[in-house]
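Me: I've got this one up on my screen and I'd like to understand its interior. Could you take me through that part closely, and tell me how far to trust it?

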Amino acid sequence: EEPLAVATLAALLEEKAVDTGQRGIAVALNGAIVPRAAWAQTKLNAGDASYESLVPTDVVVDVVGTFS
């Protein structure tokens, strides 16, 4: 687990240096896909688990974390 250092999903992606302007990014929080339009409003809480993946699979970058 890593400490929860950011408040929103968008802030987490920015902290992880994810280029959110490119197509093909999917983000799930606690197993549910979060629409791109909701990233800035999606609050993170202790115990949340996030997963982000870039597609196509030949250029996959994963950010996986559970926050305390």
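Reply: Let's start with confidence, since this is a predicted model. Among the elements of the protein, helix H1 has the highest mean pLDDT, at 88, while strand E4, residues 62-66, has the lowest, at 54. Over residues 56-61 the pLDDT falls below 50, and in the model this stretch has six contacts beyond near neighbours in sequence. Where pLDDT is low, the predicted coordinates shouldn't be read in detail. For the protein as a whole, the average pLDDT is 75, with 68% of the residues scoring at least 70.

Now the general layout. The protein has one helix and four strands, in the order α-β-β-β-β from the N terminus. Of its 68 residues, 32% count as buried. Its accessible surface comes to about 4,200 Å², and carbon and sulfur atoms hold 56% of that. Looking at contacts with a separation of 6 or more, 46% are between residues 24 or more positions apart.

On to the interior itself. Nonpolar side chains tend to be buried together in soluble globular proteins. Here, the largest nonpolar core has eleven residues: Val6, Leu9, Leu12, Leu13, Val18, Ile25, Val27, Leu29, Val34, Trp39 and Leu44. At least two of these come from helix H1 (9-15), and at least two from strand E1 (25-29).

Val34 is a handy place to stand and look around. Setting aside residues up to four places away in sequence, Val34 touches Leu9, Val27, Ala28, Leu29, Trp39 and Thr42. Leu9, Val27, Leu29 and Trp39 are themselves listed in the core, as is Val34.

Next, strand E1. Four of its five residues are buried, leaving the strand mostly covered. Ala28 sits in this strand, and it counts as buried because its relative accessible area is 13%, under the 20% cut-off. From Ala28 to Leu9 is 19 residues in sequence, yet their C-alpha atoms are 9.7 Å apart in space. Side chains in a regular strand alternate between the two faces of the sheet, which is worth keeping in mind as you click along this one.

Who does E1 pair with? Strand E2, residues 32-33, runs antiparallel to E1, and two bridges join them. In E2, Ile33 is the bridge partner of Ala28. The two strands make a hairpin with two residues between them. Asn30 is in that loop between E1 and E2, and despite not being a glycine, Asn30 has a positive phi of about 55°. Most residues other than glycine have a negative phi. Ala17 is another one to check: its phi is positive too, near 60°. You'll find Ala17 in the loop between H1 and E1, where it counts as exposed because its relative accessible area, 67%, is over 50%.

What about the two ends of the helix? Thr8 belongs to the segment before H1. At 13% relative accessible area, Thr8 is under the 20% cut-off, so it counts as buried. A polar atom of the Thr8 side chain lies 3.1 Å from the backbone nitrogen of Ala11. Leaving out neighbours within four places in sequence, Thr8 is in contact with Trp39, Ala40, Thr42, Lys43 and Leu44. Trp39 and Leu44, in that list, are core residues, and Trp39 and Thr42 are also among the residues that Val34 touches.

Glu15, by comparison, is in helix H1 itself. Its 43% relative accessibility falls between the 20% and 50% cut-offs, so Glu15 counts as partly exposed. Outside its neighbours within four places in sequence, Glu15 is in contact with Ala5 and Val6. Ala5 is ten residues from Glu15 in sequence, and their C-alpha atoms lie 9.1 Å apart. Val6, the other contact of Glu15, is part of the core.

To pull it together: the core draws on both H1 and E1, E1 pairs with E2, and Val34 makes contact with Leu9 as well as with Val27, Ala28 and Leu29. As for trust, H1 has the highest mean pLDDT of the elements and E4 the lowest, so go gently wherever pLDDT is low, as those coordinates shouldn't be read in detail.

Notes:
Residues are numbered from 1 along each chain as its sequence is written. This is a predicted model: local features need pLDDT of at least 70, side-chain atom pairs count only at pLDDT 80 or more; totals for chains, interfaces and linings use all residues. Side-chain values use heavy atoms; hydrogens and water are left out. A nonpolar core is a set of buried Ala, Val, Leu, Ile, Met, Phe, Trp, Tyr and Cys residues joined through side-chain atoms within 4.5 Å. Buried means under 20% relative accessible area, exposed over 50%, partly exposed in between (1.4 Å probe, protein chains only). Contact means heavy atoms within 4.5 Å. A polar contact is a pair of N or O atoms within 3.5 Å; within protein, one must be able to donate a hydrogen and the other to accept it, and residues adjacent in sequence count only if both atoms are side-chain atoms. Two strands pair if DSSP finds at least two bridges between them. Accessible areas come from the Shrake-Rupley method with a 1.4 Å probe; for residues, only the protein chains shown count as cover. pLDDT is the predictor's confidence in each residue, from 0 to 100.
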